[in-house]
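Colleague: Could you take me through one part of this model up close? I'd like to hear about the helix packing, and the spaces that go with it.

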Amino acid sequence: MKVCVIGAGYVGLVTGACLAGMGNKVICVDNNKEKIDLLKKGKIPIYEPGLKELVKKTMQKKFLYFTTDIKDGVTNSEIIFIAVNTPPRKNGEADLCYVEAVSREVAQQMKSYKVIVSKSTVPVETGKKIAQTVKIYNKQKVSFDIASNPEFLREGSAIGDFMHPDRIVIGVNSKKAETIMKKLYKPLGAPIIVTDIESAEIIKHAANSFLAMKISYINAVANICERVGADVTQVARGMGLDRRIGAEFLSAGVGFGGSCFPKDLSAFIRIAEKNGYNFELLKVVKKINQEQKNLLLKKLTRAIWNLKDKTIGILGLAFKSNTDDLRNAPAISIIEMLQKEGARIKVYDPQAMEKAKKILKNVIFCKDLYLTAQDSDALVILTEWNEFKKLDFKKIKKKLKTPVIIDGRNMYNPALMRKQGFTYEGIGTK
Ligand code: NAD
Ligand code: UGA
């Protein structure tokens, strides 16, 4: 099928490459010329496992190409995905100016029937606004349909998530659009849920908020575990084996970050507010998440007392492993909090260092994790990279000024760590 994806970011690029990998002719459009120039050369602006190879392969087969020219994309495709960013405004609601701009530009270029699909995460009723905008700017009165097709991929496992989804949600109000979208996704063999557009839009915000709620819930349970000497990892296992609860998203830690959970939670709270409902539950989810970052500081203070003039080694900057994404990464706010207390910071991350250099100031960037430990008063783990699983603790202990490890991701066995002579604290473990 002929597909245009507008916005070649994390979602647009993965969507474009995967659809091309499935044998569709895909044109990826972005108004960031620098990004498109890189992509044309086969260079990927983000770190996402497997993406580089897939882009290269599909480009060579001429199933995927990149352009800044939206006219090219729209003219040569029947399905138009909008995959631009929907960042939060100051008041928490989603900023839809990029979605509006793209809807307008698509409408101005349409010469034949199109299905215009929102893949961006948008507040409920955005589909109606897109339809209204397209109607206004579509001077030649070309027929079109609107669809909502929220994306559930995770960074770090994006290609696998896209190609093997638990379900595909398609919100439509026309049979023609339903048939086209079902045909596009049929090769994936995943369950397809067809709904009205508003329900599809809500599914995305409700799903992300639910997952965020699960994380805050287990973090709250972790706080009780710490107070009574229980172990949250055992509690999570005992809960998660109940199929009604499920084992995933029950890892206690420094809290969730990323470009989506914090933003989508705030957006859903605002959507509720605008419609006369006070979604208090989600407000508490946000509050608990913030408290987890403060908790890390408390643990550090407990272990090494004053932070002023102490050197803290940070292992992990990305908001989770297998990505270089630093958007709303807990590490960034924790480092800023530590600097406010007067601590010196050394950092190491396997993938996010280049991006971090543009954000963090007065920080020592270390070439490897052992240099981060060198002469530090404590080591703090903030991302669960595989590389951190197999540390040489003897070496680490020798390098640290004092053998203190605060583990914000519960990566190690507390008893073993203490046996090796570390002052060790995880989250909700004993
Ligand atoms: P991103 O910032 O990585 O990419 C957005 C891209 O859109 C950028 O490259 C930008 O240059 C481009 N763009 C903006 N305005 C444009 C315009 N007028 N014309 C052409 N290109 C334009 O964002 P992202 O992380 O890919 O997220 C996109 C959407 O998908 C958001 O709504 C997000 O909530 C949602 N989403 C993201 C993820 C994720 O894991 N990142 C997962 C599911 C859903
Ligand atoms: C999340 C959702 O999982 C995707 O389904 C969704 O498509 C995406 O948001 C989106 O809308 O953008 P992502 O943000 O890439 O994906 O990463 P997750 O794996 O969900 O992790 C989010 C955050 O929660 C990370 O900071 C992670 O460390 C944290 N987390 C996750 C925990 O603290 N505990 C857990 O048990 C799981």
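Modeller: Here is a walk through one helix pair, the spaces around that part, and two other pairs to set beside it. Keep in mind that this is a predicted model.

Let's begin with H9 and H11. Helix H9 covers residues 197-228 and helix H11 covers residues 261-274, and the two pack at an angle of about 120 degrees. Their axes are 9 Å apart, and the crossing is left-handed. On the H9 side, the contact is made by Ile202, Lys204, His205, Ala206, Asn208, Ser209, Leu211, Ala212 and Ile215. H11 brings Phe261, Asp264, Leu265, Ala267, Phe268 and Ile271 to that contact. Sort those residues by class and you get 10 nonpolar, three polar and two charged.

Now for the enclosed space. The count comes to one cavity of 30 Å³ or more, and the largest cavity holds about 30 Å³ of space. What lines the largest cavity? The residues are Ser120, Thr121, Val122, Ser148, Pro150, Ala200, Glu201 and Lys204. H9 gives the most to this lining, with three residues. Lys204 is worth a second look: this residue lines the largest cavity and is also part of the contact that H9 makes with H11. By class, the cavity lining has three nonpolar, three polar and two charged residues.

H11 turns up again at an open site. The second largest pocket has a volume of about 450 Å³. Its lining runs to 21 residues, and the closest to the pocket centre are Leu96, Pro123, Thr126, Lys129 and Lys274. Helix H5 (97-109), helix H6 (126-137) and H11 each supply at least two residues of that lining. If you're thinking about the chemistry of the pocket wall, the lining has nine nonpolar, four polar and eight charged residues.

For context, here are the two other helix pairs. Two packed helices are described by the angle between their axes and the distance between the axes. Helix H1 (residues 10-21) packs on helix H3 (residues 51-60) at an angle of about 50 degrees, and the axes are 9 Å apart. That angle makes H1 oblique to H3. The crossing of this pair is left-handed. In H1, the residues Leu13, Val14, Ala17, Cys18, Ala20 and Gly21 meet Leu51, Leu54, Val55 and Thr58 of H3. The class count for this contact is eight nonpolar, two polar and no charged residues.

Further along the chain, helix H12 (residues 280-304) and helix H13 (residues 330-340) pack at about 45 degrees, with their axes 10 Å apart. H12 and H13 are therefore oblique to each other. Here H12 passes H13 in a right-handed crossing. Lys293, Asn294, Leu296, Leu297 and Leu300 are what H12 puts in, and they meet Pro330, Ser333, Ile334, Met337 and Leu338 of H13. By class, that contact has seven nonpolar, two polar and one charged residues.

So much for the two other pairs; back to the part you asked about. H9 packs with H11 and gives the most residues to the lining of the largest cavity, while H11 also supplies at least two residues to the lining of the second largest pocket.

Definitions and conventions
Residues numbered from 1 in each chain as written. Chains lettered and ligands numbered in written order. Predicted model: local features only at pLDDT ≥ 70, side-chain atom pairs only at ≥ 80, totals over all residues. Heavy atoms only, no water. Axes fitted to C-alpha atoms, helices over the stretch in contact; angles between N-to-C directions. Helix = DSSP H or I, 4+ residues; strand = E, 2+ residues; numbered from the N terminus. Left-handed = near helix turned anticlockwise from the far one by under 90°. Contact = heavy atoms within 4.5 Å. Nonpolar A, V, L, I, M, F, W, Y, C, P; charged D, E, K, R; others polar. Parallel < 35°, antiparallel > 145°, perpendicular 65-115°, else oblique. 1 Å grid on protein atoms, 1.4 Å probe; cavity = no way out; pocket = protein on both sides within 12 Å on 5 of 7 lines; lining within 4 Å. Points joined across faces, edges and corners; volume = space filled by probe spheres on them.
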